[in-house]
Every structure is written in C-alpha cells, then in structure tokens.
Amino acid sequence: MAGAHYDRYSDASIQPLSNPNYHSAPTDPSNAYADQPYRKKGTSKWLTVGVPVVIIIIVAAVVGGVVGSKSHKNSDNNAAAAANDPGFGSNGQPNPTQLSSIKEAIGIFATATNSFSIPIYPSTTNAAAFTLPTFVQGGGSWNADTFQPANPSPTTVRTDRPRLIAPAYKWQQLASFVASDPYMKEWNDTIIAHATQYAGMDPVPYTIDGGLDKSGVLDVARQVKQRIKAFGYAYRTTGQTMWADRAWKELQNACGQGSQPFGTAPDNWNTQHFLDVAEFTAAFAIGYDWMYDVWTDQQKQTIRNAIVTLGLQYGIQAYGTAGYGWWKGVNGNWNCVCNGGLTMGALAILGDDTTGTAQQILALSVDNAKANCAMGPSPDGTWSETPNYWYFGTTAHAEMTSSLMTATGSDYGLLTVNPSFALTGMYHMYVSGNQQMFDYGDHGPNKFSTTANAMMFYATQFKKPEYMLFQRDRIDAAEPWSMFWYDPSVAGAWWNDLPLDHWFTDSEDVWASMRSSWSDNTGMYVAMKAGNHTGHQTHGDLDAGDFVLDAMGVRWAGELGSGDYDAVGYFSSELQDSQRWLYYRKRTEGQNTLVLNEQNQAVSALTPSNFGSSNTTQGSSTVLQVPADSTAFFTTDMTATYNGTSIKRGIRFINGRKQVLLQDDITNAALPIQWRMHTNATVALNGASATLTLGGQTMQVSILNPPTGATFQTMAAVRYPNDPPLPPNTEDQLNPGVTVLVINLQPGTYNLQVLFNPQWPGMAASDFKTPGLVAIDSWTLTSHS
C-alpha cells in the first residue's frame with residue numbers, strides 16, 4: 001500500500017525545463033520513451049527512449065530553453081592563464097585566489113543542455129578548473145551559524161527569523177555570492193523570472209486529479225509550494241512588498257479564504273491523499289516564516305490557523321489511529337514527505353501557536369522519520385522505490401533535516417541513523433545515463449517543487465563535493481533551496497577520478513551502471529538490474545534482467561515508465577496475483593528482458609549477481625581516451641525468478657567500450673522463451689540482424705551464431721493475446737512510437753549472444769570485433785579480449 005495513491009507520470013526529471021508544470025513532452029522525435037506527459041488512458045511513449053528526466057522550470061529564456069546555451073565563457077587562454085596563477089595550490093587544488101580566477105575565466109562549466117536537459121560540456125582539458133572535487137578553505141563559504149544550542153530540542157527554536165532552511169545570516173551574505181558566483185547569479189535570475197511569471201498568473205485552482213482518494217490535489221499543493229518559495233525569495237532579496245502581497249493572494253486562496261472555492265471544509269487539503277496535506281503545510285510554513293516580518297497580525301493568524309486546522313491537527317490523528325496515517329510505518333517517499341511537511345509547519349509557528357499542536361507534532365514526527373524516512377536508501381545507497389521516487393524522498397528528507405538544523409540546531413540523527421544516506425547521491429549519479437536515467441519502475445507525479453537539489457545539502461553534510469558539482473549543472477538547480485544549500489567554495493570537476501562503473505549489491509535491488517564517459521553525452525551507457533520484486537512500495541516492475549543502452553546521443557533500449565495510477569488495482573499489492581501485474585508496463589513482457597512462456601517473473605526471488613570492472617576512471621579532462629582493454633560486465637542468475645528454469649544473463653562492454661554484448665545462457669528450458677527489447681528506433685530486419693535508426697544515428701544488432709530458426713522479429717508494445725484479462729471496464733495504456741524487437745526460442749538449451757554495434761563516425765567495419773562464446777559463469781575482465 002506504500003504507493004497506494006500516488007499521482008501518475010513518468011520521469012519528470014527529464015522533462016524539458018520550459019514549462020511551469022514540469023510536464024511538457026519532449027519535442028525531439030528521436031526520444032519518445034516513458035517521459036511524456038501522462039495521459040490517463042492514452043498514449044505515452046517511453047516514451048522517448050528512456051523517459052525524459054528533466055524537471056521543468058519556467059521561463060526557458062533564462063536557462064536557455066530545452067537545448068540552450070549557458071553562460072560558459074570557455075576561454076582556454078584565460079584558463080591557461082589561471083593555471084599559471086601563482087595562487088594555484090601546490091597540492092594541485094585551487095586556493096581562494098585561484099578559485100576566483102577560475103570563476104571569472106570559466107563561468108558555468110556546461111555550455112548547453114541536450115533535448116533531455118542533460119548538461120553538455122566542452123571538449124577541453126583544463127587542469128586549473130577541472131581539479132579533484134573539493135571545498136576550498138577560505139574560498140568564500142557561508143559564515144558559521146551563531147545559533148549553537150548546547151542541548152538542542154525540536155521544540156526550542158532560534159529567536160530570529162527566518163528559521164527554516166535560510167536563516168538571516170545567510171540572507172545577509174547572499175548578495176555578495178550572487179555577484180561573485182556565476183551559478184548563483186544564474187539561479188537568482190531564474191528564480192526572479194519564475195516569480196515574475198507566477199505573479200502574472202491566477203492563484204492555483206483546486207483541480208482534483210482522478211479523485212480525492214487517487215492523486216487528489218497533490219499537483220495543486222506542489223505548485224502552491226513552488227510559487228510561495230519563489231515569492232518568498234523575491235521578497236527577501238528585493239525588499240519589495242509586492243511579492244508578499246502576491247504570496248498572500250496565493251495563500252488566501254489555498255486555505256479557502258479567497259474569492260473562489262478551494263476544497264471542502266474542514267478537509268480542504270485532502271486527508272484522503274495525505275501527501276497533499278503535507279505539501280500544503282510545507283508551503284504555508286515557508287510563507288509564514290520567510291515573510292514573517294511583513295505579515296500583519298491578522299495575516300499571521302490566518303496562515304497559522306490554516307497550518308494548525310488544515311494540516312497539523314490531521315497529522316496528530318495520522319500518528320494515532322486514523323486510516324490516512326498508514327504511511328507512518330513505511331520507508332518510502334510517503335513517510336519523508338508527510339513527516340517533512342508536518343515538521344516544517346510545526347517549526348514555523350512554534351512559539352506563536354497557542355494550541356500546543358506544533359509541540360505535539362514535533363514530539364511525533366522526528367522520531368517517526370528517523371525510524372522510517374531515514375531508511376529510504378538501501379545499504380548500497382539505492383533508493384528503495386525507484387530512481388524517480390528518489391527525488392520525492394530526498395527532497396522531503398533534506399527539507400525536514402535542514403529545517404530542524406537551522407531552526408533548532410540539530411538533525412536528531414536523521415543524517416546518521418542510516419549511513420547509506422551518505423551514498424544515495426552516488427546512486428543518483430550512476431543511475432543517470434548519458435541521455436536519460438535508468439528509469440526503471442514508476443516515475444511518479446509531476447515534480448513541480450521537487451528537485452534533485454538535496455544533492456547540494458548532502459554534499460555539505462557528508463563532505464561529498466562531487467554531489468554538489470554534479471547537481472549545479474542540472475537545470476532543476478535553479479530554485480530557492482540551492483541558494484542556501486550550495487557552497488560557493490566548492491571547486492573541481494565532479495567527474496575527476498570518478499570510476500566509470502559501479503555495482504550496487506543490495507539483494508533487494510541489485511544492479512550495475514557502466515559507461516564510456518561521464519562528460520560525453522554521445523558516449524556509451526549501459527545499466528542492468530535484477531533483484532527482488534517486492535519491498536519497493538508498489539512502484540516496481542517485474543523486470544529482472546532489464547537493461548537500457550545509450551550510444552551516439554540516442555537511447556536505443558529504454559523504459560516505458562508509469563502506468564495509469566488511477567487504474568483498478570494498480571497499487572493493490574506486490575503479491576504474485578496483484579492486479580498491478582496485469583498492466584503491460586508492469587508485466588515482464590513490458591521490460592527489456594526474457595519472457596518464459598508468456599508468463600510474469602516470480603515476485604519473490606533472489607538473483608545472485610556478479611560484476612567486473614577494469615576500474616577505469618575519468619581524469620580532469622572532459623575528453624576521455626578509453627584504453628583498449630577497458631571493460632565492465634554484470635551478470636545475474638535469474639533461475640529463481642523464472643521458477644526454476646535455469647536462465648543466466650550477462651551484459652558487457654567489448655572493444656574498448658565501443659560495443660556491447662548481451663548474453664543469455666539457458667539450460668533445459670521446458671517452455672518457449674522470448675527475448676524482448678523496447679525501442680523508439682525504426683527497425684529494419686534481415687534474419688539474424690537488425691538495423692535500428694533513430695535521431696540520425698544507426699545501431700547494428702546481430703545474433704551471433706544464431707540457434708536454428710532464431711531471427712529478429714518485431715511486435716507491438718501491447719499485452720499478449722492470452723494474458724489474463726484486465727479488470728472490468730479498464731483499458732491498458734497505449735505505447736505509440738515503441739517497437740519491440742524480439743527473438744523467439746523453442747524449448748531447449750541456448751547460449752544466446754546479441755551484439756550491439758553503434759555505427760560510430762569514423763569507425764570502419766574492420767574496427768569492430770566479434771567475440772567468441774564464453775559461458776557467463778566464466779566471464780572475466782579478459783575473457784573477451
């Protein structure tokens with residue numbers, strides 16, 4: 001039941017960032033996988049080979065649009081001069097003088113974004129700027145907070161305002177950072193532009209998505225929160241009360257005190273879908289706290305009453321026996337969002353609240369989040385739900401933790417009770433491909449106020465500057481939290497000395513990420529997963545052996561993403577007979593894996609896995625010359641998930657990471673097997689080979705030593721004719737633009753090898769290699785040399 005009422009949608013973090021709703025569809029016809037805007041019973045492609053992951057921000061002109069330029073000065077001469085600066089540290093790291101020179105010479109590292117808003121970096125070597133990730137001592141960081149209570153308590157708050165996330169001392173320093181740091185200047189300009197655009201809009205209307213017990217008004221709540229953050233930021237940076245006036249109009253409307261109806265009293269914020277309550281509460285908390293000095297007593301009372309009567313009082317009941325408090329015992333994003341919103345609301349009004357409700361909430365929320373929300377990352381850092389639900393969980397966790405730290409002086413163990421939280425930023429980096437994320441499972445609702453900027457917060461807290469450097473070039477960085485979680489003393493290139501490959505070993509969601517470059521969007525990216533199908537808060541798929549593949553700026557094998565969140569039984573359970581597994585995008589046949597006798601994989605099964613890597617790391621340059629012997633592989637034994645039929649799958653790079661081999665070792669299968677791969681490419685078949693074309697590029701796919709009768713065929717991305725029927729009066733989602741490349745095998749024993757040869761510019765046919773057959777159990781780093 002953990003995801004029982006979530007909104008629908010694909011991977012909003014790859015949506016073009018020019019839409020205030022974070023859900024416009026990608027316009028590049030070469031990318032049509034799972035990240036299109038959700039249509040309830042209709043189309044959704046990959047739906048753009050891999051689902052776009054770009055959270056949308058408004059005012060494309062500010063950030064350069066979907067494929068836009070950034071204020072990157074890219075002057076090799078200036079950079080060279082900076083490298084010779086006597087202030088450059090002898091340890092190879094910039095000192096404060098050098099850091100300033102680099103900022104002036106380089107500006108923003110990324111020069112543009114691709115159609116999925118993934119940063120594009122210049123092809124250059126810059127030893128001065130692209131050092132190892134670090135925080136430069138004396139390099140212009142934030143002043144220390146003078147609020148340092150000896151015995152912190154969640155119910156004892158600082159006396160000055162604001163107290164949530166951005167205390168007064170940070171606002172006092174902000175202007176100098178905006179003037180001197182190119183990233184903070186761009187973000188500042190973007191936030192003000194967004195606030196200006198929001199100000200010209202009517203207040204967000206009360207629009208129900210699928211029913212109050214379905215996706216409710218979560219989109220509404222997150223849009224209100226997004227706007228209040230922008231208005232509050234604009235007010236505090238400009239001192240202009242027009243921003244507070246516009247925020248007041250939004251808040252009045254959102255608590256049912258405006259000129260238009262807003263929900264049904266007294267449950268205006270919709271306890272049936274408690275995420276809505278939490279996000280509205282967080283929005284009102286920010287508005288109350290950040291504009292505290294401008295509100296009249298009557299305005300404060302109105303906002304405070306809304307927080308208490310529409311939010312916190314229902315929170316007290318949720319921690320008790322109310323059915324809508326089911327989330328208090330799960331470790332996914334629901335727990336983080338609900339606890340986070342309630343905590344922020346309580347902290348904002350503590351001291352002004354005469355009802356005692358705020359204190360009651362804080363006595364419950366902090367410990368509950370510590371026991372549940374903080375357990376979101378698995379031991380290897382993988383988020384327990386899906387890559388896209390990582391956004392919601394980490395945003396809420398960071399907001400709650402940061403608010404507690406700034407308001408009361410402690411995180412109360414939220415950062416330390418689960419050491420894996422220090423690793424979850426690495427998970428986000430490795431699950432991000434050269435084109436899009438490895439976006440397995442559900443993608444979640446529209447993101448609006450949700451971003452990946454928790455990376456900034458975690459970078460400081462866990463001393464991981466690479467997290468901050470990675471996120472600052474992402475298009476969703478331009479929002480108020482970044483202005484206070486970012487440390488201007490950060491320096492270096494996030495890719496410097498970062499291994500190209502990583503194996504995430506937790507048995508619940510074991511997977512591997514492999515690539516040919518961190519900074520070249522046209523390079524190779526391969527990721528494959530196995531693991532159990534339970535424990536993912538009903539957001540996973542039946543997808544052991546599933547993989548994605550990027551090359552030449554195209555996603556060739558991609559994910560279909562979320563199904564219809566309002567469909568009957570979609571979140572019913574993770575049991576084998578769950579209605580969730582009736583829908584194509586959740587079924588095994590909807591994944592890039594093998595299907596045995598047209599049946600789903602078993603939901604509860606361990607998949608022992610193995611991994612090997614040459615441990616190639618990228619240096620300071622954005623141009624990586626991959627050694628000829630550089631490679632990586634991932635294998636998994638899927639026998640248990642196929643109910644005892646011996647099936648092992650492996651994927652690896654060959655030929656210096658220029659080609660990919662996918663192999664399946666099948667022993668004594670008593671039932672027919674189908675190999676499946678979903679692609680947006682146009683497919684031309686020729687027996688045991690297929691030519692895929694997409695985005696002006698070509699991929700040759702071949703069956704090596706094909707078994708008798710084994711040829712490539714194509715199918716539509718729809719359920720098998722003999723699949724169990726859907727629930728009455730239910731339709732499955734369409735997948736237009738998606739072709740399924742298949743290989744059909746009769747019962748028997750096979751070593752099925754499929755070779756992917758991207759047609760790289762300048763690479764002759766004689767440059768490609770054809771590997772010999774090596775049983776998966778015998779794979780090593782040199783087995784295919």
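## Contacts of Trp327

Leaving aside neighbours within four places in sequence, Trp327 touches Phe274, Ala318, Tyr319, Trp334, Asn335, Cys338, Asn339, Leu342 and Asn368. The model is a predicted one.

## Nonpolar cores

Trp327 and Phe274 have the most contacts inside the largest nonpolar core, which holds 151 residues. Helix α8 (residues 274–290) supplies the largest share of this core, with twelve residues. A second core is separate and has 52 residues. Among them are Ile651, Ala681, Ala688 and Phe712.

In soluble globular proteins, nonpolar side chains tend to be buried together.

## Helix α12

Helix α12 covers residues 389–408, 20 in number. From first C-alpha to last, α12 reaches 28 Å. That is close to the 28 Å expected at 1.5 Å a residue. Of the 20 residues in α12, 19 are buried, so the helix is mostly covered. Gly409 comes just after α12 and takes a positive phi of about 95 degrees.

## The five-stranded sheet

Five strands make an open sheet with antiparallel pairing, in the order β6-β7-β8-β9-β10. The edges are β6 (502–504) and β10 (554–557), each paired on one side only. From one strand to the next, the twist averages 15 degrees.

At the β10 edge, β9 (residues 547–551) and β10 pair in the antiparallel sense over three bridges. Ala551 stands opposite Val554 in β10.

## A helix across the sheet

Helix α13 (residues 424–431) lies across three strands: β6, β7 (511–515) and β8 (525–529). Helix α13 runs at about 55 degrees to β7.

Note on methods:
Residues are numbered from 1 along each chain as its sequence is written. This is a predicted model: local features need pLDDT of at least 70, side-chain atom pairs count only at pLDDT 80 or more; totals for chains, interfaces and linings use all residues. Side-chain values use heavy atoms; hydrogens and water are left out. Two strands pair if DSSP finds at least two bridges between them. Helices (H or I, at least four residues) and strands (E, at least two) are DSSP runs, numbered from the N terminus. Axes are lines fitted to C-alpha atoms, for helices over the stretch in contact, and angles run from 0 to 180 degrees between N-to-C directions. Contact means heavy atoms within 4.5 Å. The expected span of a helix is 1.5 Å times one less than its number of residues. Buried means under 20% relative accessible area, exposed over 50%, partly exposed in between (1.4 Å probe, protein chains only). A nonpolar core is a set of buried Ala, Val, Leu, Ile, Met, Phe, Trp, Tyr and Cys residues joined through side-chain atoms within 4.5 Å.
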